[in-house]
Amino acid sequence: MAEEIEKTGEEMDEDIDGAESRVYELSYLIVPTVKVDDLESEVAKIKAVLAEVHGTVISEDAPKDIELSYEMRKGQGGKYEKFNRAYFGWIKFEAIGGSAVALGVELKKSDTILRSLIIKTVRESTLATMRIAPQLDSTTPTAAPVKKMPVKRVEGKSVPVSEAELDKSIKELVVE
Amino acid sequence: MSTDYFSTHGIKFIDYKDIEILKRFLNPHGRILARKRTGLSSGHQIDLEQAVKRARFMGLLPFVSR
């Protein structure tokens, strides 16, 4: 039964031509001149290009405004525009091997996409920050040092034992 | 960092978007620390390099700082 399911899964992965589908991740930077309200339409444009290359979206993250680590420039209208901020987002998708190249070429033509990157990845979530966040907090130097609580010593109550009882218990132990 | 960070935390795939993790393996100039200092396995060091380079390309990490 399990084999059957596995077989059908494999069959689904294969294209009509026999080319195997792969999981890719497209990350992009949208120029900050785009208004926040228009971001959705920008993402829709990317998805439309993705649909053209027969890609199916697995997971995605909406573009967020980030400060770039260095200045980037993009040629617009015969001159270079410099940017220090951008909207960063990503889409994980499944497509036939090689179609990602076509997607990259199409995205480069866009005026609103500052930069894009397509990588091969896996279907599962690869972000580890969320999973190990509590551990990170405790190890990062910026985190507040953990205060040591004073240890309260609880004095154990000694139960008085008679000599007869002691001898009896020792004898029992010796017999065993 | 004497032990492999990614093995101890059960991280199979080093994601270039995890910049907080990647920053742990950079020096103040933004350069990737040597394997001697990171304590990573050979494979994970290669994956780390790949992830840092991708993050740099996307402007998430600097090529040089200070």
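Which residue with a positive phi follows α2(A)? That residue is A:H54, whose phi is near 60°. Before I go on, please keep in mind that this is a predicted model, in which local features need pLDDT of at least 70 and side-chain atom pairs count only at pLDDT 80 or more, while totals for chains, interfaces and linings use all residues. Residues are numbered from 1 along each chain as its sequence is written, and chains are lettered from A and ligands numbered from 1 in the order in which they are written.

Let me stay with helix α2 of chain A, residues 39-52, where helices (H or I, at least four residues) and strands (E, at least two) are DSSP runs numbered from the N terminus. Its 14 residues should span 20 Å at 1.5 Å a residue, and because the end C-alpha atoms are 20 Å apart, the two values agree; the expected span is 1.5 Å times one less than the number of residues.

In this helix A:E42, A:I46 and A:L50 are buried, meaning that 20 or more other C-beta atoms, placed from the backbone, lie within 10 Å of a residue's own, whereas exposed means 12 or fewer and partly exposed lies in between. The three cover an arc of only 90° around the axis, which puts them on the same side of α2(A), the arc being that of the directions from the helix axis to the C-beta atoms. An α-helix has 3.6 residues a turn, so residues three or four places apart point the same way. The face turned away from the buried side carries exposed residues, among them A:E40, A:A44 and A:E52.
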